[in-house]
Structure formats: structure tokens, C-alpha cells
Protein chains: 2
Amino acid sequence: MIEDYWVSVLGIVAAALVTSSFLPQIIRGYRTKKLGDVSYWLMTMICVGMSLWIVYGMVKHDFVIIGANVSTIILNVVLLIMKRKYAN
Amino acid sequence: MIEDYWVSVLGIVAAALVTSSFLPQIIRGYRTKKLGDVSYWLMTMICVGMSLWIVYGMVKHDFVIIGANVSTIILNVVLLIMKRKYAN
């Protein structure tokens, strides 16, 4: 169905936007070498919550959900490592 | 079906974790009065992306998706206002 196609496109665009929202944060942190004001809890809870989303996506065989959450977790782990590094 | 019930619970817990991950960031910002290292783009892109998720949730009649994204947008708007306020 054409309608289903557009709903999937909407989901993919939405997921891509939310995932890529962490890119400017990584770029900003890399430029300024400061992530002191960013909360560890923000990144940790996002990683835990999105790990559950991945399980949800696997149960529902929804590859948009799996892909979006795997990518966002990777970006958040990068941010966590950067924050730890710049804190020293 | 029992299985459907647990999949929904999983989705709700996952959504609640991701949404509430912004609470520690708000609390940290409120305490330190500093959000300088947090990127405007992070919050803005999350708001735009999650607005699309709300449309997706409405089309799919999925109230977990709608509720989670509405709450996260509200928390991000609060963060945006705080960042603007503390920048002065």
C-alpha cells in the first residue's frame, strides 16, 4: 500500500533526525573539548532505554527501530568516552 | 495475548527511560545554572524529529509513541528555555 510506504518513510526520517541530533553535540564537544555541562545520566539512561528499544524492535521485526537505536547508542557511547577524556 | 502485553510493557519502559533521561540534565542545569556545553542543535533536532514521531504515532494509533514523544519534547523545550536564560 502506498500509504504504508509513506508511514515508513515518516518513521525513517523521524528516527534519522533524532539519531543525528547527537552529531552536533559530538562536534561541539570535539571543538570546545568541553562536555562538563552534559549529564552522564542523560547519556547512560538513553543507552539503557534504547537497548530496550532494540529488544522491542527485534520482537516486532522492525528494522527501523533497531537501526535507529543502535546508531543512537553508538553516538552516545562516543559522547560518554569524550566526556570522560575531557574531564581529565 | 500475554506476549503482546509484555511487548507493550517493554516499549513503555523503554520509552519512559529515554524520556526521563532528560530529567537529570534539567536538574544538573538547574543546580549549576550552566548549560553552555549542551548543543542547541541537539535539543532542536530532537524536538523536530520527535514531532515527526508524534505524527507517526497518530497515523499508527500508537499512544505509547505519542505520549513518550510529547513528554520528551516538553523536557527539551524546558532545557532550551533554561539554556537561553542561563546564557544571559
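In these legends, contact means that heavy atoms lie within 4.5 Å of each other. This is a predicted model, in which local features need pLDDT of at least 70 and side-chain atom pairs count only at pLDDT 80 or more, while totals for chains, interfaces and linings use all residues. Side-chain values use heavy atoms, with hydrogens and water left out, residues are numbered from 1 along each chain as its sequence is written, and chains are lettered from A and ligands numbered from 1 in the order in which they are written.

**View 1. The surroundings of B:Asn76 in helix α4 of chain B.** B:Asn76 is buried, with a relative accessible area of 0%; here buried means under 20% relative accessible area, exposed means over 50%, and partly exposed is in between, with a 1.4 Å probe and protein chains only. Not counting residues up to four places away in sequence, B:Asn76 touches B:Phe22, B:Met43, B:Ile46 and B:Cys47. One of these, B:Ile46, is 30 residues away along the chain, and its C-alpha atom is separated from that of B:Asn76 by 7.7 Å.

**View 2. The helices of chain A.** Chain A has four helices and zero strands, and its pattern along the sequence reads α-α-α-α; helices (H or I, at least four residues) and strands (E, at least two) are DSSP runs, numbered from the N terminus. The radius of gyration of chain A is 15 Å, well over the 12 Å that the globule rule gives for 88 residues, so the chain is more spread out than a compact globule. That radius is taken over C-alpha atoms, and the globule rule is 2.2 Å times the number of residues to the power 0.38. The C-alpha trace of chain A spans about 55 × 25 × 15 Å along its principal axes, and 45% of the 88 residues of this chain count as buried.

**View 3. The largest nonpolar core.** A nonpolar core is a set of buried Ala, Val, Leu, Ile, Met, Phe, Trp, Tyr and Cys residues joined through side-chain atoms within 4.5 Å. The largest one holds 50 residues, of which A:Phe22, A:Trp53, B:Phe22 and B:Trp53 touch the most other members. Among the elements that give two or more residues to this core are α1 (2-20) of chain A and α1 (2-20) of chain B. In soluble globular proteins, nonpolar side chains tend to be buried together.

**View 4. Contacts of B:Trp53 and A:Val7 with residues of the other chain.** When neighbours within four places in sequence are left aside, B:Trp53 is in contact with A:Gly11, A:Ala14, A:Ala15 and A:Val18, and also with B:Ile65 and B:Asn69. A:Val7, which lies in helix α1 of chain A, is buried with a relative accessible area of 11%. With its neighbours within four places in sequence likewise left aside, A:Val7 is in contact with B:Tyr56, B:Val59 and B:Lys60.

**View 5. Positive phi values in two loops of chain A, at A:Lys33 and A:His61.** Most residues other than glycine have a negative phi. A:Lys33, although not a glycine, has a positive phi of about 55 degrees; A:Lys33 lies in the loop between α2 and α3 of chain A and is partly exposed, with a relative accessible area of 41%. A:His61, also a residue other than glycine, has a positive phi near 50 degrees. The place of A:His61 is in the loop between α3 and α4 of chain A, where A:His61 is exposed, with a relative accessible area of 61%.
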